[in-house]
Amino acid sequence: LAGSIHLDPNFTVGEVNPRLFGSFVEHLGRCVYTGVFEPDHPSADEDGLRTDVLALIRELGVTMVRYPGGNFVSGYRWEDGVGPVEQRPRRLDGAWRTVETNRFGLNEFMRFAAKADVEPMQAVNLGTRGLQEALDLLEYTNHPAGTAFSELRRSHGVDKPHGIRLWCLGNEMDGPWQLGHKSADEYGRLAAVTAKAMRDVDPGLELVACGSSNRSMPTFGAWEATVLEHTYDLVDFISCHAYYEESDGDVDSFLASAADMEAFIDGVVATADHIGAKRRSGKRINLSFDEWNVWYQSRPVNNTDTPDWSVAPRQLEDVYTVTDAVVVGSLLITLLRHCDRVTAACLAQLVNVIAPIMTEPGGPAWRQTIFHPFADAARHGRGQVLRLALDSPVHDTARYGEVPLLHATAVQQEDGTLTVFAVNRDTTKPLELTADLRACNPVAGQVTHTALADPDRHAANTLQHQDRVTPKSVTGTVTDGGRLSALLPPMSWNTLTIP
Ligand code: AHR
């Protein structure tokens, strides 16, 4: 197999917003409790945060974290999670059918965000609650002093306001599973009045309206249009959520999941721009892809329908394979290729729950396979995304028809360093990649090339074998006369850094 790319630094898609490398911490399963927060753990710091997990989060390169949900937020009372710990109530969490102790809440999360060096993305409950509670929360987080909620915060030991800038107006309100699920008109109206009132208090806020929970929702497209008719002038983003899994052993379709993500992005951009055009608006609504990942929703272990009502049970603890990591890499390529409109995104989630980082209570923390493509992209995917002319062999897939076997993007950093991210979707054959980089003036010689691949496509990292799967150096990748040649292993995620 052979494929080629051709690029020129004068032809760019746009600049990567660092918020593209966000993630998500929800009160779900063991994401918070025994994930990021475990006061009894040997590595816990004075705030009860696991320092082994914090170190992995920094290594992962996460820039922003969405909190506290997810489905959880639609039944959440933020007041339960602030103030003296011993007075915080235990509550039923109807979304995940567990008991929430509220030992961890807003101020603990903000301490976590500071230590992990991430921007907070705060969601408000527009399921069981509404405008007033959103305003109360905003007053608590962002108002300096002298009012009931700002003084309440100060009485909780937080003198300076948190100054949270980025807010989600609810979560997946189009989904019948959502507490307080609404029609597009009901939600659009509530989101509009909430956005208006929040902006009146703090004009610097950036607001995300809920888009569709996935592209197969029956209301996809119509939902975004109606919601934006209500909110166009009041919000900055519309959200997208998408999860992918391999079904019936159809690995080729699974490896082509990015085709769905691509169509999703194109569809939402078209819908948002249609509403903008009708309004003759000069404003552009961007996309916040604030939940995306591989998630094996159909596995019985992930079935949360049976009430459990325990505290922080093991839920959604998918163990990721090499195949899953290649798909995650391909989804990252798609987000980068659309960086002109997707200006925020969150890998869902961060720890234990469909996550790149796993932990054992009282035990170690380790990297899942999907950790590696994310870390590569977050580290090297900074700067300008270049437009690619791509030539690739194709193959047929049951779900997406004909797709190219080579999926790639290229990002140029300010110092001129060029990184090509490439996925070979062929499960058995290597792919010879050539790249015409003459317009970029690359330094002739060796190129740093790592690949995540394995003869066993089901290989995974587990408690027993924590580093079974890691990216390996590929030798023999060179540039000569401005042309790069590389061999991409079968079914692989590749990072090629060219000085
Ligand atoms: O990330 C897991 C869940 O997926 C979130 O709570 C919800 O928003 C989505 O359906």
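Two residues are taken to be in contact if their C-beta atoms, placed from the backbone, lie within 7 Å. The model is predicted: local features need pLDDT of at least 70, side-chain atom pairs count only at pLDDT 80 or more, and totals for chains, interfaces and linings use all residues. Numbering starts from 1 along each chain as its sequence is written.

Outside its neighbours within four places in sequence, Val 65 is in contact with Gly 22, Ser 23, Phe 24, Val 25, Ala 113, Val 118, Pro 120, Met 121 and Leu 350. Val 65 and Leu 350 are also among the five members that touch the most others in the largest nonpolar core, a set of 155 residues. The other three are Leu 169, Ile 357 and Phe 374. Such a core joins buried Ala, Val, Leu, Ile, Met, Phe, Trp, Tyr and Cys residues through C-beta atoms within 7 Å. Buried means that 20 or more other C-beta atoms lie within 10 Å of the residue's own, with C-beta atoms placed from the backbone. Helix α9 (residues 322–337) gives the most to this core, 10 residues; helices are DSSP runs (H or I, at least four residues), numbered from the N terminus. Domain 1 and domain 2 each supply at least three residues to the core.

The protein is divided into domain 1 (2–10 + 386–498) and domain 2 (17–380). These bounds come from an automatic or database domain assignment. The C-alpha centres of the two domains lie 30 Å apart. Contacts link 34 residues of domain 1 to 31 residues of domain 2. On the domain 1 side, β15 (394–397), β17 (406–412), β18 (418–424) and β25 (492–498) each give two or more residues; strands are DSSP runs of E, at least two residues.

Note on methods: Buried ≥ 20, exposed ≤ 12 C-beta atoms within 10 Å, placed from the backbone.
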